[in-house]
Amino acid sequence: MATTETIGAPSNNFISDETRRDAGRYFGAQGLADTIGALDSITVLGAGASTVQVGLRADRVPPLPDTRGR
């Protein structure tokens, strides 16, 4: 797994077995578990922030492009 490779959000909410195997070889078992835990935490925090409609401060540039399709 190259460090320049990016993993996009899959349409079925799962990563492929090949990607999981590659990540396991690259990070090791503990590193893979830590990565999944960190991504899960970020997802939960994002869902909570969306629920209470927390936005960025007006003077901040959004970290990611707008993907809402407006």
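1. Let me start with a pocket. Leu56, Pro62, Pro63, Leu64, Pro65, Asp66, Thr67 and Arg68 line the second largest pocket. Bear in mind that this is a predicted model. The volume of that second largest pocket comes out at about 230 Å³. Sorted by class, its lining has five nonpolar residues, two charged ones and one polar one.

2. On to the overall fold. What does the secondary structure of the chain come to? One helix and zero strands. The helix, H1, covers residues 17-51, and the pocket lining I listed above includes Leu56 and Pro62.

3. How much of the chain is buried? Of its 70 residues, 6% count as buried. The accessible surface amounts to about 6,300 Å², and carbon and sulfur atoms account for 57% of that area.

4. Now the charged contacts. A search of the whole structure turns up one salt bridge. Which side chains meet in it? Those of Arg25 and Asp22, at 2.6 Å from N to O. Both residues sit in helix H1, three residues apart, which is about one turn of the helix. As for Arg25, its relative accessible area is 61%, and because the cut-off for exposed is over 50%, Arg25 counts as exposed.

5. The aromatic side is just as brief to report. The structure holds one aromatic pair. Tyr26 and Phe27 have ring centres 4.9 Å apart and planes at 85°, so the pair is edge-to-face; the cut-off for that label is over 60 degrees.

6. Are the two partners of that pair buried or exposed? Neither label fits: Tyr26 is partly exposed at 41% relative accessible area, and Phe27, at 37%, is partly exposed too. Both values fall between the 20% and 50% limits, so the in-between class applies.

Key: Residues are numbered from 1 along each chain as its sequence is written. This is a predicted model: local features need pLDDT of at least 70, side-chain atom pairs count only at pLDDT 80 or more; totals for chains, interfaces and linings use all residues. Side-chain values use heavy atoms; hydrogens and water are left out. On a 1 Å grid over the protein atoms alone, a cavity is a set of points where a 1.4 Å probe fits but cannot get out, and a pocket is an open set with protein on both sides within 12 Å along at least five of seven lines; lining residues have an atom within 4 Å of a point. Grid points are joined across faces, edges and corners, and a volume is the space filled by probe spheres set on the points. Ala, Val, Leu, Ile, Met, Phe, Trp, Tyr, Cys and Pro count as nonpolar, Asp, Glu, Lys and Arg as charged, and the others, Gly among them, as polar. Rings of Phe, Tyr and Trp (its six-membered ring) pair if their centres lie within 6.5 Å; planes under 30 degrees apart count as stacked, over 60 as edge-to-face and the rest as tilted. Buried means under 20% relative accessible area, exposed over 50%, partly exposed in between (1.4 Å probe, protein chains only). Helices (H or I, at least four residues) and strands (E, at least two) are DSSP runs, numbered from the N terminus. Accessible areas come from the Shrake-Rupley method with a 1.4 Å probe; for residues, only the protein chains shown count as cover. A salt bridge is a side-chain nitrogen of Lys or Arg within 4 Å of a carboxyl oxygen of Asp or Glu.
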